Amino acid sequence: MTANQILNPRDWSSHPRQAHPDYKSTLLRSQQHPLVPLPQSLSELTGPVFGHCGLTGQDADLTRNAVRDGEAIGERIIVAGRLIDESGRAVPNALIEVWQANAAGRYVHSQDQHEAPLDPNFLGTGRALTDSAGRYRFTTIRPGAYPWRNHPNAWRPAHIHFSVFGTAFIQRLVTQMYFPGDPLLALDPIFNATADAAARQRLVAGYSTELTEPEWALGFEFDIVLRGPQATPLES
């Protein structure tokens, strides 16, 4: 993310609404007054960054537990794509973090009390740096749907959370990736908080025969576009 990208105001018209009545918790946590933009100096744009050092290839493989020397249970998948700006230019050396539920639809988190089994070999988090062409790649398990009590019989569709860090402390963007053909998408208030139908489809990964590895893992392609008319909807 360049200084121009940070200094130019973002057009939120195709991004999720802050207050979306169908997504009930937004009514309590969204701001009630217009945001006040603060000027950003060189110190904000070149400040400290978390997590860009000390990465290994294993950080991007969520299917292996190095401590237990075990393999996660579930449908193995490869999720890969590019991080690009509004002009299609690669954004290299950006830190991408992911987190997700396991194959049974449960997170490794004390507040997740869904009656689904935990997988001792699946921690549900990973990270990777984009290369010179803006590419990233994760090996993981397809997450399961889970109940979330937003409304009667509410189930979240399978999804993976993405966090993108730029070149400074304040440059962080968060979004979610969904899977094609999921019948729960039409019923999910979080997915539908993005009002623009075309923008919603940019949150759905595409199946990729090129990424799929025979007899080993299905491949899904998910490009993240930071700005412009093809921007990936980002959580504010």
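In this predicted model, ring pairs join Y136, F138, F162 and F222 into a cluster. Seven aromatic pairs are counted in total. One of them is formed by F162 and F222. The centres of these two rings lie 5.3 Å apart. Their planes meet at 55°, so the pair is tilted. A pair counts as tilted when its angle is neither under 30 degrees nor over 60.

The two partners come from separate parts of the chain. F162 belongs to strand β9, while F222 sits in the loop between β12 (218–221) and β13 (224–225). The pair therefore ties together parts that are 60 residues apart in sequence. Both rings belong to buried residues. F162 has a relative accessible area of 1% and is buried. F222 also counts as buried, at 1% relative accessibility. The cut-off for a buried residue is under 20%.

A further aromatic pair involves Y178 and F191. Here the ring centres are 5.1 Å apart. The planes stand at 70°, so this pair is edge-to-face. Y178 lies in strand β10, and F191 lies in helix α4 (residues 189–192). The contact thus links a strand with a helix, and the parts it ties together are 13 residues apart in sequence. Y178 counts as buried, with 1% relative accessibility. F191 is buried as well, with a relative accessible area of 4%.

Strands β9 and β10, which carry F162 and Y178, belong to one sheet. This sheet is open and has four strands. Their order is β5-β4-β9-β10, and the pairing is antiparallel. The edges are formed by β5 (125–129) and β10 (172–178). Each edge strand pairs on one side only. From one strand to the next, the twist averages 20°.

Within the sheet, β9 (residues 159–165) pairs with β10. The two strands run in the antiparallel sense, and seven bridges connect them. Across this pairing, I160 stands opposite M177 of β10.

A contact between a charge and a ring was also found. The charged end of R156 sits over the ring of W148. The distance to the ring centre is 5.9 Å. The limit for such a contact is within 6 Å of the centre.

Conventions:
Residues numbered from 1 in each chain as written. Predicted model: local features only at pLDDT ≥ 70, side-chain atom pairs only at ≥ 80, totals over all residues. Heavy atoms only, no water. Pairing = 2+ DSSP bridges. Axes fitted to C-alpha atoms, helices over the stretch in contact; angles between N-to-C directions. Phe/Tyr/Trp six-rings, centres within 6.5 Å; stacked < 30°, edge-to-face > 60°. Buried < 20%, exposed > 50% of the residue type's maximum accessible area, 1.4 Å probe, protein only. Lys NZ or Arg CZ within 6 Å of the ring centre and 35° of its normal.
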